[in-house]
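This report describes a molecular structure for a reader who is new to the subject. Please keep the sequence and the structure in view while reading.

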Amino acid sequence: MNEILGRALNLAAQRGASYADARIVDDRSRSLATKNGKLGHASDAESQGIGVRVIADGAWGFAASKDLSRAVVEDTAARALAIARASARVKQEDVRLAPEKAVTAEWATPYRIDPFTTSIEQNLDLLLRIDAELRAVSGVTLAETSMNFKREDSWFASSEGANIHQTKISTGAGYAAYAFAGTEIMKRSYPNSFGGQWQNKGYELIDELKLVENARRVAEEAVALHQAAQCPGGVSTIILDSSQLGLQIHESIGHPIELDRVLGMEANFAGTSFLTLDKLGRLRYGSELVNVVADARQEHGPGLGTFGFDDEGVPAQCTPIITHGLFTGYLSSRETAHIIGANRSGGTLRAECWNRLPMIRMTNISILPGEKPLALEQLIADTDDGIYMETNKSWSIDDKRYNFQFGCEIGWEIKKGKRGRMLKNPSYSGITTEFWNSMDAICSRDEWTLWGTPNCGKGQPQQVMGTGHGASPARFRGIKVGSAYRGN
Amino acid sequence: MLSQDQAADIFERIRKHSTADEVEALFYGGSLALTRFANNVIHQNVAEQNEGVSVRTSFGGRTARASTNKLDDESLERVVHASENLARVQQPDADLLAMPDRRERDQAISDPTRIPPQRYFAETAATSPEQRAEAVGKIVKVAEQHKLITAGIFSNSEFIEGIFNSRGLSDWHMQTSAEISTTMLAGDSSGWQKANSPDARNLDPLALAETAARKAIDSASPREVAPGKYTVILEPAAVLDIVGFMFWDFGGQAILDERSFLNNRIGTQLFGRNINVTDDVTHPLQSGAPFDGEGMRRQRVPLVENGIVKRVVYARGTAGRMKKSEHGAKVGPVVATGHGFSLPNEMGEMPSNIVFGAPQNPQTVQEMISATDRGMLVTRLWYIREVDPYEKILTGMTRDGTFLIENGRVRAGVRNFRFNESLIHMLSNVEAMGAPVRASGEESFDMVVPAMKVRDFNFTEVTKF
């Protein structure tokens with residue numbers, strides 16, 4: 001691979017590029033799914049190619065091809081050069097890159113069981129056993145299960161001398177039970193909705209998730225929701241489970257801290273951010289208990305945002321984003337670091353595959369657990385009146401990331417410290433900073449889970465990326481609930 | 001780009017590697033170039049070339065798929081074996097049909113005279129980075145003339161879709177596409193426009209830029225207006241992005257799975273009598289391949305007539321299952337319509353060439369505004385998600401140009417609203433419509449839709465800008 005990368009870099013240098021990097025990526029994935037006792041889908045996919053990124057005449061160009069032959073690789077580099085020179089026709093300043101030490105390195109996701117070596121028959125058997133458990137509950141009208149594996153090998157080289165090979169493995173699985181009756185379709189998912197739980201792990205993740213063990217309960221809850229009371233509207237104390245809090249972090253912290261959004265680079269599609277540059281180090285983002293980091297290092301855990309190096313060769317780092325409630329950091333790249341006065345990139349530039357330009361993406365954006373021991377049941381016992389909400393059902397936030405609304409699959413009333421009756425269709429809404437400033441308790445490390453969001457969309461052409469979000473259940477005071485159903 | 005003859009040769013090599021009862025190959029790929037601008041400069045500028053094949057093998061009720069973009073013989077052999085390995089270990093599914101042959105496909109064509117227009121334009125495919133930069137330069141000039149900041153894209157692509165199966169069926173589609181979108185940003189307001197077409201000559205960057213700029217200027221200093229139920233005038237992009245969420249439910253498999261809001265509602269007066277919707281891949285403003293994931297030709301299907309949902313679409317297998325099911329007698333005509341996804345899949349099918357019927361008396365947006373005492377004009381909607389799957393309540397935000405209408409005139413820009421609105425309710429309250437146009441948004445696939453004036457649209461919150 002180094003020889004192929006070298007051809008691209010040499011051609012770029014010969015044609016006058018002031019900087020060039022090239023990435024070869026070889027992706028492999030497997031996806032299995034069942035529905036109502038039958039196969040839903042079974043597919044393998046592989047994709048390989050090279051992407052060449054150059055700066056010429058002070059502007060960026062990027063070209064990619066699946067063909068790794070000498071002629072096509074050189075043509076791809078030449079196309080990137082031509083595109084950069086066209087970009088330079090509509091520019092104001094030359095691109096500047098923060099310095100980064102060029103390294104030669106190997107990095108790989110630690111795993112115990114290579115998921116691609118596991119038996120497809122056994123994988124399907126597990127999914128069908130879950131399916132049977134779900135459909136054993138009277139009232140379940142649809143049962144869906146899925147299991148996914150991904151392996152990505154990438155080789156990166158730059159004109160500055162970097163040479164990095166990384167191998168990333170990720171695994172995901174989950175299921176959902178639906179119950180249709182009357183005029184309502186109720187749904188419960190496990191371990192999380194919209195694809196379950198994903199981590200940068202091998203097949204050992206599947207064993208850890210206790211999928212079969214939880215299936216009967218999840219199905220029973222889906223059916224029971226038909227008899228549950230509608231979640232009341234008004235203002236309430238709410239406790240969110242860790243998976244819902246993970247998505248809350250993703251939408252109302254993870255996206256607004258992306259420096260490309262802040263700088264208007266995503267204004268036409270994903271949107272901008274309320275976190276203008278004047279707010280760094282000044283904005284009271286949340287309460288004293290809110291401590292959030294962007295941590296791509298392996299020691300943070302096996303998140304979908306864990307890696308050795310980003311896609312411009314910057315090592316994984318931990319950036320404090322919110323420190324005791326104060327806004328302290330953005331997600332940055334080599335191109336954008338100088339704008340916030342940083343002398344180095346935060347190491348967050350990533351691309352979906354070989355054919356996409358790397359861009360600023362969330363790594364693992366996690367809220368740190370409370371330091372004092374606090375279990376979920378203790379938090380509920382400490383709450384006089386409120387609603388506990390679990391598992392995301394819908395999510396939406398404005399294009400500056402102020403106003404959000406989330407729906408959850410299930411809720412329970414809390415009265416005098418006890419979990420009471422089940423509530424259907426719980427939802428809550430608010431303004432980002434008001435919400436995070438209302439957090440007055442968060443559970444401790446024992447309740448903390450590093451969730452995977454495998455489907456974060458951004459960019460044009462759109463790229464889908466996996467991100468990680470560690471969270472413990474937490475409590476928020478004075479939150480508006482029930483707006484989603486008001487007026488309908 | 002891969003030619004049909006090259007694909008046929010690759011398919012023959014795939015067949016030789018396979019021991020399956022049946023083999024199918026789907027070919028995909030082409031080239032895409034996209035120039036992206038923000039802060040009045042080009043900041044990202046990309047091009048890619050890719051093509052590949054997806055192989056489905058089938059052994060007596062067992063089927064699976066494997067894909068690769070490596071088309072050398074060794075890789076083809078590997079992908080065939082990967083597909084076979086996934087298929088062999090399954091339990092047989094008695095409902096899995098044999099692959100269709102040409103005869104079955106041709107017999108399912110209800111009107112052979114309906115063929116799509118030309119959708120490949122060599123000039124669009126050949127659009128150069130310099131030409132895209134020149135168009136971007138024009139958009140930036142408009143922004144600078146109005147003291148605005150612009151961001152957006154100009155892309156062009158050419159791509160193929162092809163299918164071959166071992167029962168002799170084959171089909172091939174080549175297409176180009178060009179797209180421009182632009183956002184104009186002022187201090188406290190913004191405007192947006194987007195258009196796409198198979199033919200780049202249909203795109204007018206200056207007109208799009210001027211309209212987006214006008215929206216940004218006219219919505220400056222937005223007022224905060226209390227949320228509530230308002231008469232809204234939704235421009236076509238806003239209509240497309242919200243109504244797109246219901247078409248996933250217009251497939252037979254969604255009914256069988258009881259995850260569709262149309263369960264127990266087909267044949268009822270679900271929407272207003274002025275709502276008519278057809279799926280028609282041959283419509284001159286539509287786009288895409290005229291065949292589905294099994295190679296069946298997409299038929300024109302009238303979905304909604306005078307507000308009554310008449311039919312849904314079917315893949316071959318779904319049609320058979322529907323006929324045998326308890327739902328079969330309650331869902332209108334059940335016949336394979338050529339809307340299936342590639343197999344195996346759990347979603348079945350959906351209509352994706354949506355054309356809304358023209359109203360008897362189409363009104364321009366300006367005419368709708370003139371006839372509105374108090375309401376809101378909405379340019380686009382954003383981050384739409386489903387809150388309730390059966391009542392089809394959706395939530396989302398307005399974005400990039402939301403205006404207060406009073407006494408027949410646009411009075412001011414307003415801060416953006418969050419809505420929680422039932423699509424059933426919305427399409428029952430359409431007071432006026434424009435002439436349907438090809439519209440493009442970010443939440444749903446492109447459609448032919450009109451602007452709509454809707455009463456009692458439910459805004460539940462207002463944001464800070």
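## Overall form of chain A

What radius of gyration does chain A have, and what would be expected of a compact globule with 488 residues? The model, which is predicted, gives chain A a value of 24 Å. A compact globule of 488 residues would have a radius of gyration near 23 Å, so the two values agree. Along the principal axes, the C-alpha atoms of chain A occupy a box of roughly 70 × 55 × 40 Å.

Chain A contains nine helices and 24 strands. Of its 488 residues, 62% count as buried. Contacts in chain A can also be sorted by separation along the sequence: among those between residues at least 6 apart, 76% join residues at least 24 apart.

## Helix α1 of chain B

Helix α1 of chain B comprises 14 residues, from 4 to 17. At 1.5 Å a residue, this helix should span 20 Å, and its end C-alpha atoms are indeed 20 Å apart, so expectation and model agree.

Which residues of α1(B) are buried? They are Ala7(B), Ile10(B), Phe11(B) and Ile14(B). Seen down the axis of α1(B), the buried residues fall within an arc of 105 degrees, and therefore they line one face of the helix. A general property of helices is relevant here. An α-helix has 3.6 residues a turn, so residues three or four places apart point the same way.

On the other side of α1(B), the residues Asp5(B), Asp9(B), Glu12(B) and Lys16(B) are exposed. The buried residues of α1(B), by contrast, pack against four elements of chain B: the strands β1 (22–38), β2 (41–59) and β4 (149–165), and the helix α2 (73–88).

## Domains of chain B

Chain B is divided into three domains. Domain 1 covers residues 4–107, domain 2 combines 122–156 with 177–215, and domain 3 covers 222–465. The centres of domain 1 and domain 2 of chain B, taken over C-alpha atoms, are separated by 35 Å.

How many residues does each of these two domains of chain B bring to their contact? Domain 1 of chain B contributes 11 residues and domain 2 of chain B contributes 15 residues. On the side of domain 1 of chain B that touches domain 2 of chain B, β1 and β2 of chain B each supply at least two residues. The largest share of that side, seven residues, comes from β1(B). By residue type, this side of domain 1 of chain B divides into six nonpolar, four polar and one charged.

Terms used
Residues numbered from 1 in each chain as written. Chains lettered and ligands numbered in written order. Predicted model: local features only at pLDDT ≥ 70, side-chain atom pairs only at ≥ 80, totals over all residues. Rg over C-alpha atoms; globule rule 2.2 N^0.38 Å. Buried ≥ 20, exposed ≤ 12 C-beta atoms within 10 Å, placed from the backbone. Contact = placed C-beta atoms within 7 Å. Expected span 1.5 Å × (residues − 1). Arc of directions from axis to C-beta. Domains from an automatic or database assignment. Nonpolar A, V, L, I, M, F, W, Y, C, P; charged D, E, K, R; others polar.
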